[in-house]
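Here are a few exercises to work through with the model open beside you. Try each one yourself before reading the solution.

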Amino acid sequence: MTTDKAAKLTGFTVRNYMGVKSVAVLQWEKGKSGGSIHIELTADQCLDLSVRLLDQARILMLERPTSEQ
């Protein structure tokens with residue numbers, strides 16, 4: 001997928017329902033349209049997603065341009 005096809009994440013929440021299930025709500029926007037999607041996650045999926053997002057954050061932080069000093 002190229003970045004021009006990707007929607008922008010505009011917000012998110014994660015809710016836990018009585019310790020039984022976790023639901024992530026992702027708000028998105030692309031051009032003049034947008035919306036949200038509710039995704040039910042298992043414990044394993046939460047762990048996997050968190051590891052992958054932390055890896056991506058580290059990569060993005062390393063690649064971030066720094067201001068000249």
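**Exercise 1.** Which residues make a nonpolar surface patch of about 330 Å²?

*Solution.* First, know what you're looking at: this is a predicted model, where local features need pLDDT of at least 70, side-chain atom pairs count only at pLDDT 80 or more, and totals for chains, interfaces and linings use all residues. Residues are numbered from 1 along each chain as its sequence is written, and side-chain values use heavy atoms, leaving out hydrogens and water.

Now the patch: Leu9, Phe12 and Val14 make it. Patch residues have over 30% relative accessible area and no salt bridge (a Lys or Arg side-chain nitrogen within 4 Å of an Asp or Glu carboxyl oxygen), and nonpolar side chains are joined within 5 Å. Areas come from the Shrake-Rupley method with a 1.4 Å probe.

**Exercise 2.** Place Phe12 and decide: buried or exposed?

*Solution.* Phe12 lies in strand β1 (strands are DSSP runs of E, at least two residues). Its relative accessibility is 56%, so Phe12 counts as exposed (buried is under 20%, exposed over 50%, partly exposed in between).

**Exercise 3.** Work out the strand order of the sheet and find its edges.

*Solution.* The open sheet has three strands in the order β1-β2-β3, with antiparallel pairing. β1 and β3 (33-41) stand at the edges with a single partner strand each, so one side of each has no neighbour in the sheet. Two strands pair if DSSP finds at least two bridges between them; β2 and β3 are joined by nine. Val25, for example, has His38 in β3 as its bridge partner.

Technical notes: Helices (H or I, at least four residues) and strands (E, at least two) are DSSP runs, numbered from the N terminus. Patches are made of residues with over 30% relative accessible area and no salt bridge: like charges are joined within 9 Å, nonpolar side chains (Val, Leu, Ile, Met, Phe, Trp, Tyr) within 5 Å. Buried means under 20% relative accessible area, exposed over 50%, partly exposed in between (1.4 Å probe, protein chains only).
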